[in-house]
Amino acid sequence: MASDTIESKKRLDTSIGEDGTMSMYTARTATMISNKRFQDTTHLIPSPGYNGIPPEKYDPLLMRLPIILGAPFMLFILGLGLEIVAGISKQNNGFRVPVSSVLGLFGEISSQFLASFIPTLLIIPNAVLWRELDWMVRMYQPFLVLAEGNAKAEQSVLLNYVELGPILTVPRALKYKHRLAFISAITASITYLFQPFSGCINLVVPTLQLMSFLASSVFQIRTIENEGPWEATSLETVALAPDIDTLQAFVAGAGYADAAVIHNMTDPKFITGGWAMGRFDFPLNSIEGRMKVETVSVRSNANCSNPVSQQLTPVGTSFNLSATSLAGCSHSVGFNPDVATLQYGVEATNCPIFPGGTVEEQVDFRPVMFWYFHRTESTNEPEARTVFCSPFLTGHKVNIMSEVKTGNILNLEPMTNAIYENEVINGSQQGRAYNGVVFTNSSNPFIQARADAVRSILPAAIFRNMTVQPGGLDGAFERPNGVLDATRRIYTLHLSMIAKGIYYQPAQSPLPGTLIQLENRLVVDPFPAHFLASILILTGLAGMIVHVLHRNQRKKLRLSAEPGSIGATMSLTARSGFGTLLTPYDGELTMEKRLEGLRFGLDKRTGAIIAESDDEGSVGGMGDLNGNTLTTPGVGKGDETRMSLLSQTASPMSSTFAAYQSAVVSGHVEPWTPDPEKEVK
């Protein structure tokens, strides 16, 4: 009798659960009915809320709607904003930045540092948040697969996308057709394409560092030319100077021409190649840049030419040098060769300025003839050359480019020959030019001394210029235009210096101009900017779609604790039984081998992880893997009917169904009904 009682207790154990319901399950029953390689006792888990307190669903703050939509939306906005800023930068040639450093808490902060730090500060927080969201998507993926049921071990309980990282997740997710994890990992992995821009940064450097490098390389401080309007002021206008007769401007012109030859000097401010412009103001601060303005210029045309004929004739101890110009004007000069080996001078001719014209009464406006004499070095033979010049003036509107620091004219472009009415070009002067070397005799000894000095200094400067040319004087005299070129160049400089001194007078007027200066500009580098913007926009769009779909999938899960901890793992698998197939020292391949042939899913009543063999049916469905209806050994047709009816309200392979199956096989006793033996007592 005692043995029967013990056997009965082994066969059937009835107890009252904490929820007040009667439970009748045994390990033997479960083993007999399911015929598994392990013992599943998930049916012994009390139903959720059995104590009147419904369990809270695990819903991390990071995966709530404002964040999962806000984070990718911010990436999208950043990419769109970067494209807009790149377009503005291209149109405006960058953005102006302060010339000096910004004073900060730790001293001066350079503009380059701010250009690298601020973009990084904008992108990195959003990038960090996106990486966390991708991490959550990969963490949830095995549980989403289990929620679908009928999952293989390598696709569910053995799957660890978090450990794989985003790059290695891509091929694994593609293989298992885990689409959301695949897209999320792609968006996280694509940021590694920043590596080609980093050069020395290795591919294994974290994505955020690479993103930081690219963000900092998009914005660059460059010293570039930038054009901007500048309201300049013209300080002079075309007009005759009242002190022309003092000849101070002429002495200054001849002296500068002589100094230019000796010291190899360039044209002074507001003068270039025979063009003389009125002064205008420059920016007050001394900057590296250029000023472009449209102004009026007076051009001095030297109009020099070689004679058509020339003859050096000895006359006693002297020489007579005669020459005829292209206009048919003849002039001669006599000199004593014994006075000096090198001789030169300039004479006013009795010729009109233009062919067919009249001869000027004042020698100040007449054409001139420069003459030069020397003896050859090899044979000591006398040689002479003459050049005729008939200077005249023209007025032009010109576009000039001048250097801000020095005021030197860098470029000049003539526009029109028409300028405003003035007494120099179209007034009393009528475009006549002072020859600048021959003057009417003056009773003032100081003025006469200046006249004599100019007449001596300028030919001497031209003669000296020929001596420093290749081949010296012999070479200059032998070349057809050697003497002509030297005369024209130095004489034109002298005439333009005179024009600046006697044809311009102080007068202020607005002069619109353009300031082209070298300044620090914040430039958006187009290629990395478009590349980064494309990634941000695509990541943002893909991220919003992924997380909306992922949110819908997570609604199927019933997780009460954050996955990943040992306790959370044990709570999901402690009663499932398949853990007995594993040992603590199993590797991944060994575990995969031991769990081969099992299909995994989540219990729909408790949320626990459950497993079934391939030959026992599909987890989460009533049929086997081929869709055939399963029958339970030892269960009659009527019990199968009750099982079929029960399957309409409870998942067939849930712990509820396991509890029912255990009860009917052991004694055909309905679960949640009183024990007949206890009722008799």
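Colleague: What relative accessibility makes Arg 488 count as partly exposed?
Modeller: This is a predicted model, in which local features need pLDDT of at least 70, side-chain atom pairs count only at pLDDT 80 or more, and totals for chains, interfaces and linings use all residues. Residues are numbered from 1 along each chain as its sequence is written, and side-chain values use heavy atoms, with hydrogens and water left out. Buried means under 20% relative accessible area, exposed over 50%, and partly exposed in between (1.4 Å probe, protein chains only). Arg 488 counts as partly exposed at 32%.

Colleague: Which residue does the side chain of Arg 488 meet in a salt bridge?
Modeller: A salt bridge puts a side-chain nitrogen of Lys or Arg within 4 Å of a carboxyl oxygen of Asp or Glu, and here the N to O value is 3.3 Å. The two residues are three apart in helix 12, which means a separation of about one helical turn. The partner is partly exposed, at 35%. Arg 488 meets Asp 485.

Colleague: In which strand does Glu 236, the partner of Lys 500, lie?
Modeller: Helices (H or I, at least four residues) and strands (E, at least two) are DSSP runs, numbered from the N terminus. The structure holds 10 salt bridges, and one of them joins the side chains of Lys 500 and Glu 236 at 2.7 Å, N to O. The pair ties together parts that are 264 residues apart in sequence, because Lys 500 lies in helix 12 and Glu 236 in strand 6 (residues 219-238).

Colleague: Which residue joins Glu 236 and Lys 500 in a network of salt bridges?
Modeller: Lys 500 and Glu 236 are both buried. The network links these two with Arg 279.

Colleague: How many residues apart are Arg 455 and Glu 347?
Modeller: These two form a salt bridge, with 3.1 Å between the closest N and O atoms. Arg 455 sits in helix 10 and Glu 347 in strand 14, so the link is between distant parts of the chain, with a separation in residues of 108.

Colleague: Where does the disulfide partner of Cys 304 lie?
Modeller: There are two disulfides, each a pair of cysteine sulfur atoms within 2.5 Å. Cys 304 bonds to Cys 389, S to S 2.0 Å. Cys 304 is in strand 10 (residues 304-305) and its partner is 85 residues away in sequence, so the pair ties together separate parts; Cys 389 lies in strand 16 (residues 382-389).

Colleague: What is the pairing of the bonded cysteines, numbered in sequence order?
Modeller: The other disulfide is between Cys 329 and Cys 351, with sulfur atoms 1.0 Å apart. Both of these cysteines are buried, as are Cys 304 and Cys 389. In sequence order the pairing is 1-4, 2-3.

Colleague: Which element gives the most residues to the largest nonpolar core?
Modeller: A nonpolar core is a set of buried Ala, Val, Leu, Ile, Met, Phe, Trp, Tyr and Cys residues joined through side-chain atoms within 4.5 Å. The largest has 58 residues, and those touching the most other members include Phe 370 and Tyr 491. Elements that give two or more residues include helix 9 (248-263), strand 9 (289-301) and helix 10 (445-467). With 11 residues, the one that gives the most is helix 12.

Colleague: Which residue of strand 12 is the bridge partner of Val 315?
Modeller: Two strands pair if DSSP finds at least two bridges between them. Strand 11 and strand 12 pair in the antiparallel sense over seven bridges. In strand 12, the partner of Val 315 is Ser 318.
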